[in-house]
Amino acid sequence: MDNFGLMLLGMSCITFACRFLFFCKKLPFELGEKTTLALSYTAPSVLTAMWVPIVFLSYQHIEQSFFVSPFLIAGLLSIILSLKLKSTLLIVVISIMVFITLQLLY
Amino acid sequence: MLDITPVSKNTTNTANKRIMYQAFIDILPLAMAVIPWGILCGSLAIKVGLSAVQAQLMSLLVFAGAAQLASLTLIGAVGALSSIFSSTFVISSRHLLYSAVFREHVRESSMLTRCCMAFFLTDEMFAVSCAYLEKNKSFSHLYAISAGVVFYLIWNVATFIGIVAGQFIPNIENLGLEFAIAATFIAIVIPSIKRFSTLMSVLASGISVCVLSITGIEHALIIATCIGMATGFLTASKDKSNG
């Protein structure tokens, strides 16, 4: 990529700025109640917009039918586990093991 | 008198060591879960044509897994810089919330501490630091930064493994490493759904990202995130009646 330097600089600045903004001693504005409320939905929305396509749309890339895709089965399992278990690591480890087993089976 | 300073220094040192050890223990499981993702980032960077140094620099300087992965996909599809920057911003915008939450604990600290806190701020560091704050009723910069540094080191080692492995193992991106991301995000998102409006925002975001992706509309991630946020915001008034 020709513009790699520019891209790297831009991305580093954007990510750092988002993390640093509210650490400034003085801000030209205060966070209103509505802004704080809207911001509280950012994390669940953006994370969901990233995991949903992996779980539900990956079958297109691996040439398997929707219902038997390891991504779908293991993904649904991790949703169920997240409702039952408290340990994040346990949820992730069990889901990945099931995912790998399913992939080996096919 | 002479003894007092060394003794108190030792006590502080021991206490600090204990905090750093605790941070290490707490962040380790989350850091382990991020390894497949780091490997994917490293190998994908090589695949879309970055050099090994460039690929490592990305993890060293940007240090944002989701944003890195999204931008690599865009580079692969010969996306413009503007779309790389806009997706980086949308994906990173959740960190605005994290830094807003930490603001009261961090704003009076030195410039160096604030810069370190910002640089090492990730979903995982935020999660363990909040848990520490809740448990101990006091915020520890040492704890947060230690957890962040451990996560940073493991993320970069994983990227390095990906860079090396990507050159020797063909089709490493077809092994399904991205499933680890999905599992991690599910494990973060699902337990965080405690309000009706959060549930609505998650459903709206998930359904719209599928519809947008299937219809091949550009910036599906950005649009879906905005739809999810708007839905949460608009249904917030229903929270009380629904508990």
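Start with chain B and colour it by domain: the assignment gives domain 1 as residues 4–184 and domain 2 as residues 193–243. Put a centroid on the C-alpha atoms of each. The centres of domain 1 and domain 2 of chain B are 26 Å apart.

Keep in mind throughout that this is a predicted model. For the complex, the predictor reports an ipTM of 0.88 and a pTM of 0.82.

**Chain B as a whole**

Switch to cartoon. Chain B has 12 helices and 0 strands. Trace the chain from its start and the pattern reads α-α-α-α-α-α-α-α-α-α-α-α. Next, draw a bounding box along the principal axes. The C-alpha atoms of chain B fill roughly 75 × 55 × 30 Å.

Now recolour by pLDDT. The average for chain B is 87, and 95% of the residues score at least 70. Then select residues 1–5 of chain B. Here the pLDDT is below 50, and the stretch makes 0 contacts in the model beyond near neighbours in sequence.

**Inside chain B: α3 and α9**

Select residues 52–61 of chain B, helix α3, and residues 141–168 of chain B, helix α9. Their axes lie 9 Å apart and the packing angle is about 160°. Why call α3(B) roughly antiparallel to α9(B)? Because the angle is about 160°, and angles over 145 degrees count as roughly antiparallel. Rotate the view to see the crossing of α3(B) over α9(B), which is right-handed.

Show side chains for the contact:

- From α3(B): Ala52(B), Ala55(B), Gln56(B), Ser59(B) and Leu60(B).
- From α9(B): Trp155(B), Asn156(B), Thr159(B), Phe160(B) and Ile163(B).

Colour this contact of α3(B) with α9(B) by class and you get 6 nonpolar, 4 polar and no charged residues.

**Inside chain A: α3 and α4**

Move to chain A. Select helix α3, residues 42–57, and helix α4, residues 70–84. These two helices of chain A pack at about 130°, with axes 6 Å apart. The pair α3(A) and α4(A) is therefore oblique.

Which residues make the contact of α3(A) with α4(A)? Ile54(A), Val55(A) and Phe56(A) come from α3(A), while Phe71(A), Leu72(A) and Gly75(A) come from α4(A). By class, this contact of α3(A) with α4(A) holds 5 nonpolar residues, 1 polar residue and no charged ones.

**Across the interface**

Show both chains. In total, 71 residues of chain B are in contact with 57 residues of chain A. Which helix gives the largest share of the side of chain B that touches chain A? Select residues 178–192 of chain B: this is helix α10, and it supplies 15 residues. Then colour that whole side of chain B by class. The split is 47 nonpolar, 19 polar and 5 charged residues.

For the last stop, select helix α1 of chain A, residues 4–20, with helix α6 of chain B, residues 94–106. The axes of this pair are 6 Å apart, at an angle of about 35°. Zoom in on the contact. Cys18(A), Arg19(A) and Phe20(A) of α1(A) meet His95(B), Leu96(B) and Ser99(B) of α6(B). The contact of α1(A) with α6(B) has 3 nonpolar, 2 polar and 1 charged residues.

Terms used. Residues numbered from 1 in each chain as written. Chains lettered and ligands numbered in written order. Predicted model: local features only at pLDDT ≥ 70, side-chain atom pairs only at ≥ 80, totals over all residues. Contact = placed C-beta atoms within 7 Å. Helix = DSSP H or I, 4+ residues; strand = E, 2+ residues; numbered from the N terminus. Nonpolar A, V, L, I, M, F, W, Y, C, P; charged D, E, K, R; others polar. Axes fitted to C-alpha atoms, helices over the stretch in contact; angles between N-to-C directions. Left-handed = near helix turned anticlockwise from the far one by under 90°. Domains from an automatic or database assignment. Parallel < 35°, antiparallel > 145°, perpendicular 65-115°, else oblique. pLDDT = per-residue confidence, 0-100.
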